[in-house]
Structure formats: structure tokens, C-alpha cells
Amino acid sequence: MAPKHGLFNKRIYIDAKEHLLGKLASYVAKAILQGNKVVVFNCDKINIAGSFYRNKIKYLSFLRKRCNVNPARGPFHHRAPRCIFRRTVRGMIPHKTTRGQQALRRMKAYEDIPARYTSQKTMVVPLAMRMLSLQRGRKYCDVGRLSHEVGWKYQHVVKDYEARRLEREAKRAQRLKIRHKLTREANKKVKKVVEPYNQVLRDSGYYVPALV
């Protein structure tokens, strides 16, 4: 039986790298409308089918659309990758209703992986991945490059942060590797000493887990 507030008990964490924009947005839109909370990472690495030149021409055409009476009324043209993805999702839900507005609040999108989510396991959406959905040889482009070309000014900031994050993750993995090695060596030394006592406990009917 599905949980009360959605199909999943936990939040859905999606690594959007090398996913197609429209297919991933449709999956996220369906999930948030069903009551799930979704967090999307690496929005700047989302792919769009079609050549970069074609997609840039289409976006520049979108930038020219405005209200002649008062441009401050909209439409508003966001350049950041996370805002482009959010607008794509918004177009797939009834965002002018209370249900749609509440659904949008359940979604978060980031260009990178924030520090509080670095240890969080992420998932992918196979039906939305470019390698499985786009025919081999077809052209595609990245949302991050498109955003940079139309006015997004923080591409270098995200790249620097991502490089530092990968460096921290590599050091953390090295520390864990050393810790596991020391643990295995310690278990081997202790196993010979405590084995007689463990055997007594087993004979008495107690369960004694084996040392790894």
C-alpha cells in the first residue's frame, strides 16, 4: 500500500547528469504531483536533444518575447540551469492551481551537489537517460553551456566548487579505505584471542556474530 503523502517514504534524490531535459522533467512532474519530494542535482549537466546552434537560436527567440505594455509583467527569462529545469517542470503541471503550486514547492533543483547532500545516495531515471533514449549519432547540447551563452554568469563558480567537492570526496574515500584496512587487521588479531570465549557462548546457545 502506498504511503499517505506519496508513492515513496523518503525523498527522491536524482543525479540529472546526462539526462534529457524533457523526459526527466516529465518524470519529476509526475512524482511531485503524486506527493513526493524530489531533489535534482547537476542541472547544468542536463542534455537537450538537437545541436547547440539550434537550441541557442530557439532560446534567443524566447528571450525576445515580452509584454509590450510593461515588460516587468513578464514573461521572465531565467538563465540559470536550475531555473530552466524548474520552468520546464512547471509547464507540465497545473501551476496556476493550488495543487500545482504545492507540487512545485516539493521540488528543489541545484547546479551542483550542495555540501549537506554530498553523502546522500542518488538515483538515475533510465527512461530519461540520453544514452538509452537518444538515437546514436544524434546531436545534443548541455544546459550549462546554453545558460552560459545566454547570460548565466556563474559557470566558473560551479566548476570550482565541483572540483573542490571531488577533492574532498577523494580524501574521504582514502580515509575510509585506510580505516577499513586497519579494522580488518585488528579483527584478525582479536579473532584468535576471543575465539575460545565465543565457542563457550555458542555452546550455551547464544548467537555470536563472526568478525569480518
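Buried area is the accessible area (1.4 Å probe) that two parts lose on being put together, summed over both. Keep that in mind for this tour of a predicted model, in which local features need pLDDT of at least 70, side-chain atom pairs count only at pLDDT 80 or more, and totals for chains, interfaces and linings use all residues. Residues are numbered from 1 along each chain as its sequence is written, and side-chain values use heavy atoms, without hydrogens or water.

Start by colouring domain 1 (10-151) and domain 2 (154-211), bounds that come from an automatic or database domain assignment. Their centres, taken over C-alpha atoms, are 38 Å apart. Between them, about 690 Å² is buried, with carbon and sulfur atoms giving 51% of that area. Now select Asp 112, Ile 113 and Thr 118: together they supply 51% of the area that domain 1 buries against domain 2, more than any other three residues.

Next, show helix H3, residues 81-90 (helices are DSSP runs of H or I, at least four residues, numbered from the N terminus). Pro 81, Ile 84, Phe 85 and Val 89 are its buried residues (under 20% relative accessible area, 1.4 Å probe, protein chains only). Look down the axis of H3: these residues line one face, because they fall within an arc of 135 degrees (taken from the directions from the helix axis to the C-beta atoms).

Finally, move to helix H7, residues 155-203. At Val 194, shortly before Pro 196, you will find a kink of about 55 degrees (the angle between axes fitted to the seven residues ending there and the seven starting there). Just after H7, click on Gly 205, which takes a positive phi of about 100 degrees.

Key:
Buried means under 20% relative accessible area, exposed over 50%, partly exposed in between (1.4 Å probe, protein chains only). Helices (H or I, at least four residues) and strands (E, at least two) are DSSP runs, numbered from the N terminus.
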